[in-house]
Amino acid sequence: MNRVVVTGLGVVSAIGMDASAFWDSLKEGKSGIAPVSNIPSENLANKMVAEVRGFDPAAHFDPKKLPMLDRFSQFALVAGRQAVADSGLTFDGELSANTACIMGTGVGGQQTVEDAYSKLVAAGPIGTQPVRVHPFTVPRLMANAGGCQISMEHNIRGPGYTIASACASATHAIGTAFHMLRSGAAACAVTGGAEACLTYGTLKSWEALRVMAPDTCRPFSLGRGGMILGEGAAVLVLEEYERAKKRGANIHAEITGFGMSSDAKDITTPDPDGGRRAIAAALRDARLAPEDIDYINAHGTGTRSNDSTETQAIKMAFGDHAGRLALSSGKSQFGHALGAAGALEAVAGVLALRNQIAPPTLNYVEKDPECDLDVIPNAARAMKMTNILSNSFAFGGLNAVLAFRRV
């Protein structure tokens, strides 16, 4: 089977508009969590979000193209451009048809959906008044729009589709692309996730679940109050190792394994055995022993249930080695970007591995007896890392774990 490496990275996030700025913020412990600014917040009980601030679509897109693009597709395209530029690849000739574009998102064009429904409702009782929505509503809102736009912009004519598995979407997308390259079904892949769900309707819906923090995100910490919604995109270019080496590519890291599982128990409450099985599957796929893992970029949402369940899953999967593992959660810095979360965290893990610095878990106050692992609190830690994991555990009981190795 082929070895698969990461040769391109792109990021649009609340803490940086490219991979370099994202990494600088991560290692310096900067937070992108602040009161929401792009929608009216008077009737929101939870006003704190991790918003991509200062993003000017007009600076990135031709005015004729913008009407076709929801905010999530804009993020996907910008992150995709960065990743492709970083890789140094151009997708022409045989490579065009031998490159896959596999993306993930949780909800897709949410802003487009809300704009259309708001216009319909404002016209009076539904169906009683003639009203027209934007003619590009459907191509803007569809979940596969971001991936399709990336394929069209870069002439990627190989396999292309979008995965929607809630907060595991992007990790499922990256893992699927990895398996595709490893098997020889494609030579390259552009993969990751995008989300732009900071709309009034989305925030009110999450508010109703009572899992949102009123102030900030404190993963694994005693006194944590819940999650903070975020937005953004991250894209990785994957390439078969021998091909990348032959052309002298800049290799960020190697993907060595991917594991998946389904809890099949509850739509919102996680099951530690599901997480354990996904971790074990990733280790098996990578042909690694538990003792080979140095660090985990955790799912770490900051909710009481999720963090304690993830801790249990790690203990079950690693046994005695669990106490020697370092872990942290980037959601304390860039929020929970739902379908894009796994891609942002994969990039964070790759950069941590490359730079041998594990990013911190911000806002950590005190160890919770239910989360008694080596959580890196508040400041980055320089440490030797050879093999790491990136966890994503989603609503619906859908679990996905990636394994990366330093090259």
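Buried means under 20% relative accessible area, exposed means over 50%, and partly exposed is anything in between (1.4 Å probe, protein chains only). This is a predicted model, where local features need pLDDT of at least 70, side-chain atom pairs count only at pLDDT 80 or more, and totals for chains, interfaces and linings use all residues. Residues are numbered from 1 along each chain as its sequence is written, and side-chain values use heavy atoms, with hydrogens and water left out.

**View 1. The whole protein chain, before we zoom in.** The protein chain holds 13 helices and 15 strands; these are DSSP runs numbered from the N terminus, with helices being H or I of at least four residues and strands being E of at least two. Its C-alpha trace spans about 65 × 55 × 40 Å along the principal axes. The radius of gyration is 20 Å, which agrees with the value near 22 Å for a compact globule of 407 residues. That radius is taken over C-alpha atoms, and the globule rule is 2.2 Å times the number of residues to the power 0.38. Of the 407 residues, 58% count as buried. About 15300 Å² of surface is accessible, and 54% of this belongs to carbon and sulfur atoms; the areas come from the Shrake-Rupley method with a 1.4 Å probe, and for residues only the protein chains shown count as cover. Among contacts with a separation of 6 or more, 78% are between residues 24 or more positions apart, where contact means heavy atoms within 4.5 Å.

**View 2. Helix 7, wrapped up by its surroundings.** Helix 7 covers residues 169-183, 15 residues in total, and reaches 21 Å from its first C-alpha to its last, close to the 21 Å expected at 1.5 Å a residue. The expected span is 1.5 Å times one less than the number of residues. Because 12 of its 15 residues are buried, helix 7 is largely enclosed by the rest of the structure. The buried ones include His-172, Ile-174, Phe-178, Met-180 and Arg-182. Right after the helix comes Gly-184, with a positive phi near 95 degrees.

**View 3. Ile-255, a buried spot in strand 8.** Ile-255 sits in strand 8, and with a relative accessible area of 1% it is buried. Look for Val-4: it is 251 residues away in sequence, yet the two C-alpha atoms are 5.8 Å apart. Leaving aside neighbours within four places in sequence, the contacts of Ile-255 include Val-4, Val-6, Leu-238 and Phe-404. Helix 7 shows up here too, as Ile-255 is also in contact with Ile-174 and Phe-178.

**View 4. Asn-399 and its many contacts.** Asn-399 belongs to strand 15 (residues 398-405) and is buried, with a relative accessible area of 3%. Beyond its neighbours within four places in sequence, Asn-399 is in contact with a run from Gly-259 through Met-260, Ser-261 and Ser-262 to Asp-263, and also with Gly-274, Gly-275, Ala-278, Ser-392 and Phe-393. His-172 is another contact of Asn-399. Phe-334 is 65 residues away from Asn-399 in sequence and 21 Å away in space, C-alpha to C-alpha.

**View 5. Lys-331, a buried lysine in helix 12.** Lys-331 is found in helix 12 (residues 331-334), and at 1% relative accessibility it counts as buried. Not counting residues up to four places away in sequence, Lys-331 touches Ile-33, Cys-217, His-299, Gly-300, Thr-301, His-336, Ala-341 and Glu-345. Its C-alpha lies 8.1 Å from that of Met-227, a residue 104 positions away in sequence.

**View 6. Leu-338, in the loop after helix 12.** Leu-338 lies in the loop between helix 12 and helix 13 (341-355), and its 7% relative accessibility counts as buried. Apart from neighbours within four places in sequence, Leu-338 has contacts that include Ala-166, Cys-167, Trp-206 and Met-227. Gly-80 is 258 residues away along the chain, with 18 Å between the two C-alpha atoms.

**View 7. Two loop residues with positive phi.** Ala-264 has a phi near 55 degrees, a positive value in a residue other than glycine. You'll find Ala-264 in the loop between strand 8 (253-262) and helix 10 (272-286), exposed at a relative accessible area of 70%. For Asn-363, phi is near 65 degrees, again positive in a residue other than glycine. Asn-363 sits in the loop between strand 11 (357-358) and strand 12 (374-375), and at 26% relative accessibility it counts as partly exposed.
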